[in-house]
Amino acid sequence: MGGTITYDGQAHNITVNSLPGDVVEYKVEGGDWTSNLELVNTGTYNVYYRVSRANHATYESTDPVIYTIEKKVVTATADDQTVVFGDDVTKYGITFDNMVKGEDPAEVIDTWPNASSFYIAGISGVGTYEITIGGGSDDNYTFEYVGGTL
């Protein structure tokens, strides 16, 4: 029992094999007992279980089952852009690859990555500028960054 998986946005249950009629409950260390423990977000969970049956002694685990959900790696890429000489860059776009299906980056990312370049409208000369990206953070994702070109 126990183990390590990568965040996938799904609820994960822990199941103890038991006999028909047994009542099995679970709790994360420091939490309350429940018959349906669902682990979704990243972290290391120390899970305890107990099994009871009418007219029998209750068994309660003394050692936790350790279950870890690791962060999913997402690639954040600064979108390539073109501007007319002298114009401002209104917004640097970012594309995310390898997000959990159905999760909208705008809704789930805790700290949005920042994309920028050394181009300054009206001051910088005509040419190619590197768009750098970084600084994002999230409880369930870790980022690999790919720069773009302006």
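## Exercises on strands, core and loops

Ala115 stands opposite Ile133 in S11. The model is a predicted one.

**Exercise 1.** Place the pair Ala115 and Ile133 in its sheet, and state which strands form the edges of that sheet.

Solution.
1. Strand S11 covers residues 130-134, and its pairing with S10 is antiparallel, over 3 bridges.
2. The sheet is open and has 3 strands in the order S10-S11-S13, paired antiparallel.
3. Its edges are S10 (114-116) and S13 (148-149), each of which pairs on one side only.

**Exercise 2.** Find the sense in which S7 pairs with S1 and with S5, and give a residue pair for each.

Solution.
1. S1 (residues 3-6) and S7 (residues 65-70) are parallel, with 4 bridges between them. Within this pairing, Thr6 has Glu70 of S7 as its bridge partner.
2. S5 (residues 43-52) runs antiparallel to S7, and 5 bridges join them. Here Val47 is placed opposite Val65 of S7.
3. Both senses are expected options: strands of a sheet pair through backbone hydrogen bonds, either parallel or antiparallel.

**Exercise 3.** Describe the largest nonpolar core and the strands that supply it.

Solution.
1. The core holds 32 residues; Tyr26, Leu39, Val47, Phe96, Tyr141, Phe143 and Leu150 have the most contacts inside it.
2. At least two core residues come from each of S3 (23-28), S5, S7, S8 (72-78), S9 (94-97), S11 and S12 (141-146).
3. S5 contributes the most, 4 residues.
4. As background, nonpolar side chains in soluble globular proteins tend to be buried together.
5. For Leu150, set aside the neighbours within four places in sequence: its contacts then include Val83, Val89, Tyr92, Tyr119, Tyr129 and Ile131, and also Gln81, Thr82 and Ser117.

**Exercise 4.** Sort the residues of S9 by face, covered or uncovered, and identify the partner strand of S9.

Solution.
1. Ile94 and Phe96 make up the covered face of S9, while Thr95 and Asp97 make up the uncovered face.
2. The general pattern is that side chains in a regular strand alternate between the two faces of the sheet.
3. S8 pairs with S9 in the antiparallel sense, over 4 bridges. Ala78 is opposite Ile94 in this pairing.

**Exercise 5.** Decide whether Ile66 is buried, partly exposed or exposed, and list its contacts.

Solution.
1. Ile66 belongs to strand S7.
2. Its relative accessible area is 47%. The buried class ends under 20% and the exposed class starts over 50%, so Ile66 is partly exposed.
3. Apart from neighbours within four places in sequence, Ile66 contacts Gly2, Gly3, Thr44, Tyr45 and Asn46.
4. Ile66 and Gly93 are 27 residues apart in sequence, and their C-alpha atoms are 40 Å apart in space.

**Exercise 6.** For Asn55 and Asn98, give the phi value, then the location and the exposure class.

Solution.
1. Asn55 is not a glycine, yet its phi is positive, about 65°. Asn55 sits in the loop between S5 and strand S6 (59-60). Its relative accessibility is 81%, so Asn55 counts as exposed.
2. Asn98, also a residue other than glycine, has a positive phi near 85°. Asn98 sits in the loop between S9 and helix H1 (105-108). Its relative accessible area is 45%, so Asn98 is partly exposed.

Definitions and conventions. Residues are numbered from 1 along each chain as its sequence is written. This is a predicted model: local features need pLDDT of at least 70, side-chain atom pairs count only at pLDDT 80 or more; totals for chains, interfaces and linings use all residues. Side-chain values use heavy atoms; hydrogens and water are left out. Two strands pair if DSSP finds at least two bridges between them. A nonpolar core is a set of buried Ala, Val, Leu, Ile, Met, Phe, Trp, Tyr and Cys residues joined through side-chain atoms within 4.5 Å. Buried means under 20% relative accessible area, exposed over 50%, partly exposed in between (1.4 Å probe, protein chains only). Contact means heavy atoms within 4.5 Å.
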